[in-house]
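Q: I'd like a close look at a single part of this model. Could you walk me through one helix, its two sides and its surroundings?

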Amino acid sequence: MSPWLRQHRRALGLALRRLGILNALVIGVALSLPAGGYAILENLRGVAGRFALDTQMSLFLQPGAKRADAEALGKALRADRRIAKVRFVPREEALKELSSVQGLPEVIAALGHNPLPDAYVVTAVVPARGEAIEKLSSDLAKLPGVAHVQADAAWARRLAALASIGRLAIWLLSTLLGAGLVAVTFNTIRLQILTQRAEIEVSKLIGATDAFIRRPFYYLGLLQGVGGGLVALGIVWAGLGLLNREVRLLAESYGSGFRFGFLGAGDGFAVVLFAGLLGLLGAQLSVSRHLREIEPV
Amino acid sequence: MVSFSAVAKRYPGGQEALKGVSFSIEPGELAFVTGRSGAGKSTLLKLIPAIERPTSGSVIVNGQNVGALKRAAVPYLRRNIGVVFQDQKLLYDRSVFDNVILPLAFSGHPPREAARRARAALDKVGLLAREKSNPIQLSGGEQQRVAIARAVVNRPALLIGDEPTANLDAESAALILEVFVGFNQVGVTVLIATHDQGLIGRYGKRLLRLDGGKIA
């Protein structure tokens with residue numbers, strides 16, 4: 001093993017021994033807020049994104065419309081160059097689809113007749129911008145026999161807009177708490193330097209380089225940040241787990257299998273890396289400010 | 001080994017500790033710096049490992065102009081000079097052994113080799129049996145010997161002691177001096193500051209007598 005590597009191992013060992021669980025916990029709790037918020041937003045964005053990209057819309061015909069009128073409308077739709085795909089959903093088929101949803105057959109049976117209209121599912125030509133979709137849907141609504149046009153993209157776009165506001169809020173929160181992390185590390189390292197004052201002074205007197213003296217403190221800042229990042233991931237994981245128990249019940253009542261997914265491996269790694277680097281930054285600031293003050297005479 | 005030429009040292013505040021000191025110490029020599037308290041002995045010794053820098057004049061150690069040394073080069077200079085401080089500067093949060101092995105960590109010695117060297121140094125000052133003790137449990141003389149062991153663990157060519165026998169009874173003081181003399185006998189250049197004239201007279205070695213910041 002080279003002397004350089006041996007010195008790093010020594011510094012890492014010292015840092016591990018001095019690492020305070022409490023500090024990592026404080027940092028972790030602080031970081032879990034933006035990390036958790038980010039995880040939830042990513043989930044919502046996933047849902048919104050799936051629909052926002054979707055250029056599909058549903059055309060509901062007037063109830064009791066004749067099949068011949070429906071076919072005429074279908075011809076008109078197929079002639080529209082803005083439309084890529086047209087699928088006819090007869091009312092019988094829609095009823096059958098609805099019946100497969102848990103709990104609904106009883107409701108339908110109670111109605112005694114089919115309340116559903118015929119419908120067309122239309123897919124606009126991609127790429128279709130938001131405004132183009134709006135225009136198309138309002139044009140389609142004017143066609144004879146059409147009762148209602150539902151563009152799934154509209155509410156998805158609103159959700160996406162909300163999500164981008166949320167994302168901004170999370171960035172602000174991350175910045176503030178990141179600065180907090182740097183400050184916490186700065187202070188921890190300052191106290192640690194004061195504790196080690198005698199050792200630092202003697203070491204300087206008998207031939208330790210500045211790098212040798214600084215190294216354990218850098219490692220301490222880095223480890224504290226990484227520890228905090230890991231704690232934050234743990235809190236987010238546990239929090240989403242708790243949330244999912246309730247979400248599952250709610251989603252199942254809507255026949256959906258939606259769950260909040262945990263942060264992806266890349267995002268999780270980024271949280272830990274980000275926390276570690278901020279810890280290192282705090283240590284660096286503290287060391288360069290406080291070690292100079294200890295000059296032996 | 002050590003060469004001072006027209007060295008002056010003025011502290012901030014105007015106090016002149018040294019006023020044009022010139023002398024030189026040959027390799028393998030043992031010399032004493034004497035003089036009353038405040039004569040400039042400590043300042044003179046601190047100039048050698050660049051703990052203080054001269055205001056004017058030049059301090060040459062092992063061919064290096066110490067006064068002009070860059071900050072980053074100072075640690076490497078200090079590794080080649082064993083310094084025994086008046087107040088020992090031991091660390092009381094660790095054992096005698098860990099105190100002595102500390103300088104070897106700076107240079108990244110292999111652990112086994114470092115431990116072997118630290119024990120050899122402790123053996124030379126007669127404290128191998130106390131390696132696991134905390135320095136606080138040792139007598140003043142023993143603590144000074146631990147400090148010597150730490151100073152020589154890097155096998156420096158130059159060993160300096162700043163009043164190493166101050167605050168010791170006559171018997172312990174004589175023992176400490178014997179340890180220094182022993183290192184000189186195996187070729188280490190030794191420079192000791194002391195105000196205890198009686199103790200050093202019997203060695204018949206070279207004396208640098210400082211008076212009011214000058215060599216008298």
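A: Happy to; what follows is a tour of one helix in chain B.

Keep in mind that this is a predicted model. The part to look at is α6 of chain B, a helix of 16 residues covering 170-185. From its first C-alpha to its last, α6(B) reaches 22 Å, close to the 22 Å expected at 1.5 Å a residue.

Now for the inward side. The buried residues of α6(B) are B:A173, B:I176, B:L177, B:V179, B:F180, B:F183 and B:N184. Viewed down the axis of α6(B), these buried residues fall within an arc of 150 degrees, so they line one face of the helix. The spacing fits a general rule: an α-helix has 3.6 residues a turn, so residues three or four places apart point the same way.

What does that face pack against? The buried residues of α6(B) pack against two helices and three strands of chain B: the helices are α5 (140-152) and α7 (197-201), and the strands are β3 (30-34), β7 (158-162) and β8 (189-193).

Turn the helix around and you come to the other side. The face of α6(B) turned away from its buried side carries the exposed residues B:A170, B:E171, B:E178 and B:Q185.

Finally, look just past the end of the helix. There α6(B) is followed by B:G187, a residue with a positive phi, near 105 degrees.

Methods:
Residues are numbered from 1 along each chain as its sequence is written. Chains are lettered from A and ligands numbered from 1 in the order in which they are written. This is a predicted model: local features need pLDDT of at least 70, side-chain atom pairs count only at pLDDT 80 or more; totals for chains, interfaces and linings use all residues. Helices (H or I, at least four residues) and strands (E, at least two) are DSSP runs, numbered from the N terminus. The expected span of a helix is 1.5 Å times one less than its number of residues. A residue is buried if 20 or more other C-beta atoms lie within 10 Å of its own, exposed if 12 or fewer, and partly exposed in between; C-beta atoms are placed from the backbone. The arc is that of the directions from the helix axis to the C-beta atoms. Two residues are in contact if their C-beta atoms, placed from the backbone, lie within 7 Å.
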